[in-house]
Amino acid sequence: MQTAVDIAAVASRDGVALVPVGATEQHGPHLPVSTDTEIAVALATAAVERVTPEVATWVLPAVAFGFSPEHAGRPGTISLSAETLLALVDDVGRGVAASGIRRLVFVNGHGGNPELLHVACRRLRGHLSLAAFAVHAPGLPLPTGMLDDVTHGDRDAHAGHYETSVMLTVHPAAVDLDTARADGVTAVEERANSPLRPFGAVSVPWHVDDLSSSGTIGDPTTADAGWGARALAAQANALAEIIRAVAADPLPPEWLHSGRGERG
Ligand SMILES: [Zn+2]
């Protein structure tokens, strides 16, 4: 937790603000609805430990709701509208800029958010002169050997091996492995050769009901806390590299001479 004095020091050191962004949505019978938020917070926290004290950082409270229409209608899902999420993160960016900080990283844990966060970053650069970036945390690289352990990618999309393993290391008491079942894998594989497959080159507005009765898309029964800890560490290292790069990235010269007021 940081005070206003701490945050002023982050600004004076030209530091980086990090905003974990998650979701509140069903994650099968075995994971909490806060899973994406918990993973985003864990990754941001672990990455900041790695860059401190080299880079000054402000980790903001997480945005615990995301854009989750693909899980609408299932108990536990609270989706923001696209417009609300865009307005929310824009206001967060406005506060970061008003605090004197020029660099912002959204650390996102939910697959429905990246497109909107990309738009948000464009807008924040344009009208607030913020160097804003969005990192999709589950997409951060894993060591090659680890990918062999998991039915990865399309077949591990939601509440499967990756998320269950990471939650087993971050919040083990919140995971109910007794109720974990593989689901959705067959439905994804049946569509694997279709141009309209979920998660392919064509943007398909899939709904979880298309693929899974339990709400899981993947196989959480293979989840392992040790695997989760190694995944989290590898991704925290990758995120730490991104934070260092954001901190070192030259800002447009005109920003340095302009006032902090909004443009456009
Ligand atoms: Zn998730």
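This section describes the overall fold, the sheet, the nonpolar cores and selected contacts of a predicted model.

The secondary structure of the protein consists of 10 helices and four strands, and, read from the N terminus, these elements follow the order α-β-α-β-α-β-α-β-α-α-α-α-α-α. The radius of gyration is 19 Å, close to the 18 Å that the globule rule gives for 264 residues, so the protein is as compact as a globular protein of that length. The C-alpha trace extends over about 55 × 35 × 30 Å along its principal axes. Of the 264 residues, 46% count as buried, and, among contacts between residues at least 6 apart in sequence, 80% join residues that are at least 24 apart.

The four strands form an open sheet in the order S2-S1-S3-S4, with parallel pairing. Strand S2 (57-59) and S4 stand at the edges, and each has a single partner strand, so one side of each is left without a neighbour in the sheet. Neighbouring strands are turned against each other by 20 degrees on average when direction is ignored. Between S1 and S2 the pairing is parallel and runs over three bridges, and Leu18 stands opposite Val59 in S2. Helix H2 packs on this sheet, where it touches S1, S2 and S3, and its direction makes about 155 degrees with that of S1. Helix H3 also packs on the sheet, touching S1, S3 and S4, and the direction of H3 makes about 145 degrees with that of S3.

In soluble globular proteins, nonpolar side chains tend to be buried together. In the present model, the largest nonpolar core comprises 63 residues, of which Leu43, Val105 and Val107 touch the most other members. Two or more residues of this core are given by each of strand S1 (16-21), helix H2 (35-51), helix H3 (82-98), strand S3 (103-108), helix H4 (114-128), strand S4 (131-136), helix H6 (161-170) and helix H9 (225-248). The largest share, nine residues, comes from H2. When residues up to four places away in sequence are left aside, Leu43 touches Val107, Ala137, Leu232, Gln235, Ala236 and Leu239. Apart from this core lies another, of six residues, among them Ala157, Val185, Val208 and Ile217.

Helices H6 and H9, which both contribute to the largest core, also meet each other, their axes coming within 7 Å and crossing at roughly 90 degrees. This crossing makes H6 roughly perpendicular to H9. On the side of H6 the contact is made by Tyr162, Ser165, Val166, Leu168 and Thr169, while H9 contributes Ala225, Trp227, Gly228, Ala229, Ala231 and Leu232. Of these residues, Leu232 of H9 is also touched by Leu43.

A further set of contacts involves Asp36, which lies in helix H2. With 31 C-beta neighbours inside 10 Å, Asp36 counts as buried, because the cut-off for a buried residue is 20 or more. Not counting residues up to four places away in sequence, Asp36 touches Gly22, Ala23, Gly66, Gly109 and His110. The C-alpha atoms of Asp36 and His158 are separated by 9.8 Å, although these two residues are 122 residues apart along the chain.

Note on methods. Residues numbered from 1 in each chain as written. Predicted model: local features only at pLDDT ≥ 70, side-chain atom pairs only at ≥ 80, totals over all residues. Core = buried A, V, L, I, M, F, W, Y, C linked by C-beta atoms within 7 Å. Buried ≥ 20, exposed ≤ 12 C-beta atoms within 10 Å, placed from the backbone. Contact = placed C-beta atoms within 7 Å. Pairing = 2+ DSSP bridges. Axes fitted to C-alpha atoms, helices over the stretch in contact; angles between N-to-C directions. Rg over C-alpha atoms; globule rule 2.2 N^0.38 Å. Parallel < 35°, antiparallel > 145°, perpendicular 65-115°, else oblique.
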